[in-house]
Amino acid sequence: MRDKILYIIGAVALILLARDMYLITGFPAEANQGAIFKIIFFHVPMAITALTCAMVAFVASILFLITKNFQYDALAVAVTEVGLAFLAGNLITGSIWGRVAWGIWWAWDARLTSALVCWLLYAGYLMLRNAIEEPTQRATFAAVFSIFAFIDVPIVIFSIKWWRTQHPQPVFWGGGSFPPDWSAVFGWQMLAILLVGVVFTAVRLRQEQFQREIDSLRRMAHAL
Amino acid sequence: MYALMLLQASADDAVLREMERLQRNFTFLNSGLWVAWLILVVYVLMMVSRERKLKREIAGLKAMLEDKPRS
Amino acid sequence: MMAFVRQVLVIMAKDLRAELRTKEAINASLSFALVVLLLFSFAFDPSEETTREISGGLLWIVFAFAGTLLLNRSFARELNNDCLDALISAPISGAALFLGKALANYVLVLAVELIALPLFGVFYNVRWTSQFWQLMMVIALATWGMTVTGTMFSALTVNIRLREVMLPILNFPILIPALLGAMQLTSALVAGKPIAADNDAWLKMLIGFDVMYTAVSVFLVETVLVGG
């Protein structure tokens with residue numbers, strides 16, 4: 001039953017993505033930035049999905065610390081990993097956009113920089129998990145770190161914004177305008193990418209359950 | 001006459017440059033979209049391989065557990 | 001309340017005494033700071049005016065790395081003879097244990113910083129004393145942020161493989177806002193400009209960072225100690 005729902009969500013997401021790709025390539029190039037502006041259809045939804053993932057991870061971590069229910073721990077890992085994948089997509093598409101718009105692959109633009117810092121933060125989360133063997137300890141420590149990391153996200157974003165506005169800015173984000181008939185497609189694309197995120201998370205969650213099953217089987221094998 | 005030709009030439013130049021710019025723009029958009037898809041596909045492949053590994057491990061352990069009580 | 005303060009002070013005194021008897025971490029940290037200060041002189045022309053402009057960045061990189069060496073030892077020191085288990089089962093709250101350790105680390109890191117700072121001034125010909133008290137305030141605030149998260153992560157990483165590597169990997173990304181603010185303020189102060197309306201946002205951010213992470217750490221430390 002659960003698998004069936006997953007397949008349906010996945011199929012809907014794929015159809016939406018294909019439809020949006022078709023529409024996006026059909027759009028005329030944007031007046032100021034040309035064709036490259038259209039990358040926003042992937043770039044921004046990926047960022048928003050990643051942020052949503054971070055939020056879910058934060059809530060799941062708190063719930064784990066309160067209830068000690070390993071379901072929440074599994075959710076936190078799943079969602080963090082998926083969020084990292086999407087944030088990587090966001091960073092790389094942003095970098096490609098920057099190469100055209102600014103002429104360089106990496107300008108220390110406020111948004112790119114804070115996205116990179118957040119990526120490092122959550123990569124640290126996965127590394128911490130990898131380094132701890134004992135499941136309860138791993139879940140508890142990872143949850144604590146996840147809370148620390150999530151608190152840091154707004155501080156990072158604001159401080160890097162201040163940092164960049166203090167310096168002479170070589171580049172600006174602006175220059176592109178969003179034609180009104182793009183908004184609807186953008187909304188659908190947003191939904192499609194979010195759905196992809198949901199499917200990924202669900203699959204990853206099931207893998208965590210497999211892992212726990214393996215652990216318990218191992219324990220049984222040891223007991224025999 | 002000569003000035004007109006020069007004007008024409010520079011206009012042609014501008015058109016060419018503009019076309020080049022658009023082309024480059026387009027190439028980058030293309031690669032950007034490819035990369036976005038590629039990341040998703042790579043992540044899916046990573047998950048599939050992990051899933052396979054986990055299933056194999058479960059099967060192995062189950063087989064082991066079934067063997068043991070009999071022996 | 002008085003009992004809590006006394007417990008914090010006892011833990012702090014114990015840690016400081018243990019460190020000052022062996023001096024292993026503080027010696028390592030100090031010599032490391034020296035070596036890095038020396039290395040920077042090869043990377044940048046030390047007599048150049050531009051070096052002064054990035055002095056805040058240089059200083060805080062030295063402080064952050066040297067501090068990490070000290071913080072690594074904070075909980076690792078208790079591993080021998082199962083001291084950590086004894087401390088956890090002692091009749092004091094986790095918060096008292098954490099604050100005591102954090103304060104001890106704070107004193108040690110500050111000591112290293114206050115030795116490295118004049119050396120930096122001598123090596124790079126920087127007159128860092130012109131805004132002395134404001135500089136001290138910035139150092140005190142940013143160092144507290146560094147030690148409070150560092151002590152927490154020291155507790156998180158004490159039992160795991162690759163402990164020495166994991167602490168900076170976890171701590172530095174979290175610290176980026178605090179270090180960024182400290183670097184901005186220090187560069188301005190070392191150049192002789194007092195904190196004014198254009199950069200007091202950094203000071204507020206530093207204070208907010210300290211308050212927030214101190215509160216969260218004190219709140220969560222019990223789960224970490226029991227879970228570990």
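By the grid rule used here, the count comes to 2 cavities of 30 Å³ or more. A cavity is a set of points on a 1 Å grid over the protein atoms alone where a 1.4 Å probe fits but cannot get out; points are joined across faces, edges and corners, and a volume is the space filled by probe spheres set on them.

This is a predicted model, in which local features need pLDDT of at least 70 and side-chain atom pairs count only at pLDDT 80 or more, while totals for chains, interfaces and linings use all residues. Residues are numbered from 1 along each chain as its sequence is written, chains are lettered from A in the order in which they are written, and side-chain values use heavy atoms, without hydrogens and water.

**A cavity in chain A**

The second largest cavity has a volume of about 30 Å³. Among its lining residues (an atom within 4 Å of a point) are Phe64(A), Tyr72(A), Asp73(A) and Arg129(A). By class, the lining has 8 nonpolar, 1 polar and 2 charged residues. Helices H2 (40–67), H3 (70–101), H4 (110–131) and H5 (135–166) of chain A each supply at least two lining residues; helices here are DSSP runs (H or I, at least four residues), numbered from the N terminus.

Elsewhere in chain A, Gln189(A) is found in helix H6 (residues 180–223). Its relative accessibility is 1%, so Gln189(A) counts as buried (under 20% relative accessible area; exposed is over 50% and partly exposed in between, with a 1.4 Å probe and protein chains only). Leaving out residues up to four places away in sequence, Gln189(A) touches Leu17(A), Asp20(A), Ile24(A), Phe41(A), Phe42(A) and Pro45(A), where contact means heavy atoms within 4.5 Å.

**Two helices of chain C**

The expected span of a helix is 1.5 Å times one less than its number of residues.

| Helix | Residues | Expected span | End C-alpha distance |
|---|---|---|---|
| H2(C) | 24–43 | 28 Å | 29 Å |
| H7(C) | 132–157 | 38 Å | 36 Å |

For H2(C), the two values agree, and they agree for H7(C) too. H7(C) is mostly covered, with 21 of its 26 residues buried.

The buried residues of H2(C) are Ala25(C), Ile26(C), Ser29(C), Ala33(C), Val36(C), Leu37(C) and Phe40(C). They lie on the same side of H2(C), because they cover an arc of only 105° around the axis, taken from the directions from the helix axis to the C-beta atoms. These residues pack against helices H1 (2–22), H4 (55–76) and H6 (94–123) of chain C.

In the loop between H2 and helix H3 (49–53) of chain C sits Asp45(C), which is partly exposed at 40% relative accessible area. Asp45(C) and Phe123(C) are 78 residues apart in sequence and 11 Å apart in space, C-alpha to C-alpha.

Key. On a 1 Å grid over the protein atoms alone, a cavity is a set of points where a 1.4 Å probe fits but cannot get out, and a pocket is an open set with protein on both sides within 12 Å along at least five of seven lines; lining residues have an atom within 4 Å of a point. Ala, Val, Leu, Ile, Met, Phe, Trp, Tyr, Cys and Pro count as nonpolar, Asp, Glu, Lys and Arg as charged, and the others, Gly among them, as polar.
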